[in-house]
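Subject: The structure I promised you

Hello,

Here is the structure I said I would pass on. Please have a look at it, and then read on for what turned up.

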Amino acid sequence: MARPADNHESKKREILAVAEKLFLAKGYEQTSIDDVLKECGISKGGFYHYFKSKDEMLSESIKNIIDDALAYLQPLVDDEKTGALEKFKLFMTKKAEFQSSRIEYATLLGTLIQSDVMQYKYYVLMAQKMVAPFAQIIEQGVREGVFDVDFPQETAEILIRAVVSVVQSASYDQYLHEETQRYRYLLSLRTVIARTLGISPKEFSIYDEDLAK
């Protein structure tokens, strides 16, 4: 029999899945808690057992996406048989695969995250969740002599921030929907990452920039 805590988390995920569909269909601002209640078939009291507000639902949604991405990537990070450079290439490829599977919702989040409060929550979560596994790969690369980095942890944090900061750009919508703008941005980002690690930009690809040629 499932423990109450398991049931609680399962129900939260169920409510969030409904809310995310509504956010996509109607827009975040246009979606009310009553809309979520109606779709889920729960009472307002039942809703507040899981979430304090609509903003908390959004914060939890962002957290879950990052957790899901980490769960998808962590087995690769922990693989002791794979060298650091190959692991780094696969990390970027698998990250792209995960993001592509969530591109529609990522577009919505990109718009919402441009608010100061959501940006802060997003960056804090990214730092808490994604920097450590990325730093683990960089540290391995330093030991193997393939990365020229003095401070792996700090370098990982800087690079993660560079990757996620695109949502702050005034051209974010263009990066998502215009191939030329997206391609130029991704190539520039790849060059920054490569030079920081001390490798050639031709050693790896990021996201799907090769498909945008």
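How far apart are the end C-alpha atoms of helix α8, and what span should its 14 residues have at 1.5 Å a residue? This is a predicted model, and in it the ends of α8 (residues 131-144) lie 20 Å apart; the expected span is also 20 Å, so the two agree. Several residues of α8 are buried, among them Val131, Phe134, Ile137, Ile138 and Gly141. Many of these positions are spaced in a way that a general rule helps to read: an α-helix has 3.6 residues a turn, so residues three or four places apart point the same way. Just after the helix comes Gly145, with a positive phi near 80°.

Now for the overall picture. The chain has eleven helices and zero strands. Of its 213 residues, 43% are buried.

Helix α4 deserves a visit too. Its 24 residues (54-77) should span 34 Å at 1.5 Å a residue, and its end C-alpha atoms are 34 Å apart, which agrees. At the N-terminal end, Ser53 acts as a cap: one of its side-chain oxygens is 3.5 Å from the backbone nitrogen of Asp55. Further along, α4 has a kink of about 30° at Ala71, shortly before the proline Pro75.

Two lysines are worth finding on your screen. The charged end of Lys54 sits over the ring of Tyr28, 4.4 Å from the ring centre. Likewise, the charged end of Lys94 sits over the ring of Tyr72, at 4.3 Å from its centre.

Tyr28 also leads to the aromatic pairs, of which the whole structure holds seven. Tyr28 pairs edge-to-face with Phe23, with 4.9 Å between the centres and 70° between the planes. Are these two residues buried or exposed? Phe23 has a relative accessible area of 1%, so it counts as buried. Tyr28, at 6%, is buried as well. Elsewhere, Phe88, Phe91, Phe134, Phe147 and Phe204 form one aromatic cluster; Phe134 is also one of the buried residues of α8.

One item comes from a record rather than from the atoms. UniProt, in an unreviewed entry, places a "DNA-binding region" at residues 32-51. In the model that span is 65% helix and 0% strand, and its end C-alpha atoms lie 13 Å apart.

Enjoy looking around!

Best wishes

Conventions. Residues numbered from 1 in each chain as written. Heavy atoms only, no water. UniProt positions renumbered as here; feature names shortened; annotations may be inferred. Helix = DSSP H or I, 4+ residues; strand = E, 2+ residues; numbered from the N terminus. Phe/Tyr/Trp six-rings, centres within 6.5 Å; stacked < 30°, edge-to-face > 60°. Buried < 20%, exposed > 50% of the residue type's maximum accessible area, 1.4 Å probe, protein only. Lys NZ or Arg CZ within 6 Å of the ring centre and 35° of its normal. Expected span 1.5 Å × (residues − 1). Bend = angle between axes of the 7 residues up to and from the residue. Polar contact = N/O pair within 3.5 Å; in protein donor to acceptor, adjacent residues only side chain to side chain.
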